[in-house]
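User: Please take a close look at how the helices pack in this model. I would also like to know what surrounds them.

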Amino acid sequence: MLALAPMAGITDASYRQLIKKVAPQTIVFTEFLSSDALAYGAERTLQMLQYDPEIERPFIVQIFGASPQKFLEACKVIEQIGADGIDINMGCPAAKIVSSCYGSALIRNPSLAAELVHAATNAVSIPVSVKTRLGWDTTDTLIPFCKGLVDAGAKALSVHGRRYNDKFSGVANWEPMYALKREVSVPVIGNGDISSAEDAIEKIGNLDGVMVGRGTFGNPWVMKEISEVFETLKERDAESGTWKVDVEKCSIQNSHALLPENRLGVFRERLPFILDHCELSVKMKGEKRGVLEMRRHLSSYIKGFDGAKELRMKVLTLEDYQDVRSMLSSV
Ligand SMILES: Cc1cc2nc3c(=O)[nH]c(=O)nc-3n(C[C@H](O)[C@H](O)[C@H](O)COP(=O)(O)O)c2cc1C
């Protein structure tokens, strides 16, 4: 299994569709959405539920919150739009989220966490999963916490290999996830610091899949490389559950490891694709906002070749799609 990590401000419909275009097997998640706002019918949040059912399957909507009643109402809305699953955020470390007892604060409140899963699973017939972290300030709680979620009805778990305390610092620790997988019956997807197919193969261990977030920035092609390598994973070791990697069969592509002299040529080859991304963003959000939001993606695409730094400065001045086209056609 390969999943695109939910990322606020990034995994909107245009980004998800772009990823599906390069790696059709990917499971896509929305940005996290407030369950309260969905329950109230807040227009802006409802707009964020827009997706293309022809392209974005399986389509998972991620929600956050702390009220079982609001979860129940929000989940019904999500089921009605035809989503394939609902994921509950129990990992976000942002201060304004944690101070309302949302996100990773739920790790410190396992009974409320289980209640939320219970409310969601009772409200809908589509599967409910949870994305969490290794723990709050220790990894010792991961297994009992996740067992409680599974008992409450969670059908899958994805785990970011950091504790709340770590925020985004240090290196993701995958060992506790392997231990968790040995203790629960549901699929476990590992997440943290994957930016190449090599990383994915090295880290998957006994897990059911990997989820990639920042590794896709400026390099959505990494998802294709990972899904190609995963196709060679057919067998697990009977005792440990670890995937057997057939090194002969998996010729690992690694777009991050391009030689400097090849980077400009590869960038030019990818230009039509990058323009499609801009076009989609403009189509979904209108010209002004679409181009504004594309600036960060363009800055990630434009890296590693002579003149890239100057171009990235120009990106900050782009106002409309025509500006984007003219700038890119000059590369
Ligand atoms: C900009 C940004 C926004 C994020 N937003 C969310 C979110 O909405 N929901 C969530 O569960 N995690 C969110 N995350 C965490 C990612 O899903 C992921 O767990 C984390 O980035 C580690 O994976 P990576 O090393 O592959 O990026 C976000 C991360 C980033 C960088």
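Analyst: What follows starts with one helix and its packing, then moves to its neighbours and the strands.

This is a predicted model: local features need pLDDT of at least 70, side-chain atom pairs count only at pLDDT 80 or more, and totals for chains, interfaces and linings use all residues. Residues are numbered from 1 along each chain as its sequence is written.

Take helix H6, residues 110-123. Helices here are DSSP runs of H or I with at least four residues, strands are runs of E with at least two, and both are numbered from the N terminus. The axes of H6 and helix H7 (residues 142-151) come within 8 Å and cross at roughly 30 degrees. H6 is therefore roughly parallel to H7. Axes are lines fitted to C-alpha atoms, for helices over the stretch in contact, and angles run from 0 to 180 degrees between N-to-C directions. Angles under 35 degrees count as roughly parallel, over 145 as roughly antiparallel, 65 to 115 as roughly perpendicular and the rest as oblique.

The crossing of H6 with H7 is right-handed. That term applies if the near helix is turned clockwise from the far one by less than a right angle; anticlockwise is left-handed. On the H6 side, Pro110, Ala113, Ala114 and Val117 make the contact; Phe145, Gly148 and Leu149 answer from H7. Contact requires C-beta atoms, placed from the backbone, within 7 Å. By class, the residues of this contact are 6 nonpolar, 1 polar and no charged. Nonpolar covers Ala, Val, Leu, Ile, Met, Phe, Trp, Tyr, Cys and Pro; charged covers Asp, Glu, Lys and Arg; the others, Gly among them, are polar.

H6 also packs on helix H4 (residues 68-80), with axes within 8 Å and a crossing of roughly 35 degrees. This crossing is right-handed. H4 supplies Pro68, Phe71, Leu72, Cys75 and Lys76, while H6 supplies Glu115, Leu116, Ala119, Ala120 and Ala123. The contact has 8 nonpolar, no polar and 2 charged residues.

Now helix H1. H1 and helix H11 (residues 260-285) pack at about 145 degrees, their axes 8 Å apart. Their crossing is right-handed. Ala13, Ser14, Gln17 and Leu18 of H1 meet His277, Leu280, Ser281 and Met284 of H11. The classes here are 4 nonpolar, 4 polar and no charged.

Gln17 lies in H1. Gln17 counts as buried because it has 20 C-beta neighbours inside 10 Å. The cut-offs are 20 or more other C-beta atoms within 10 Å for buried, 12 or fewer for exposed, and partly exposed in between, with C-beta atoms placed from the backbone. Outside its neighbours within four places in sequence, Gln17 contacts Asp52, Ile55, Glu56 and Leu280.

H1 is also part of the cover over helix H10, whose buried residues are covered by elements including strand S1 (2-4), helix H9 (197-203) and strand S9 (209-212). In H10 (residues 221-230), 7 of the 10 residues are buried, so the helix is largely enclosed by the rest of the structure. Val222, Met223, Lys224, Glu225, Ile226, Val229 and Phe230 are the buried ones.

Last, the strands. All 6 of the 6 residues of strand S5 (residues 85-90) are buried, so S5 is largely enclosed too. Gly85, Asp87 and Asn89 point one way from S5, and Ile86, Ile88 and Met90 the other. Strand S4 (residues 59-64) runs parallel to S5 and is joined to it by 4 bridges. Pairing needs at least two DSSP bridges. Gln62 stands opposite Asp87. Strand S6 (residues 128-135) pairs in parallel with S7 over 6 bridges.

How values were computed:
Contact = placed C-beta atoms within 7 Å.
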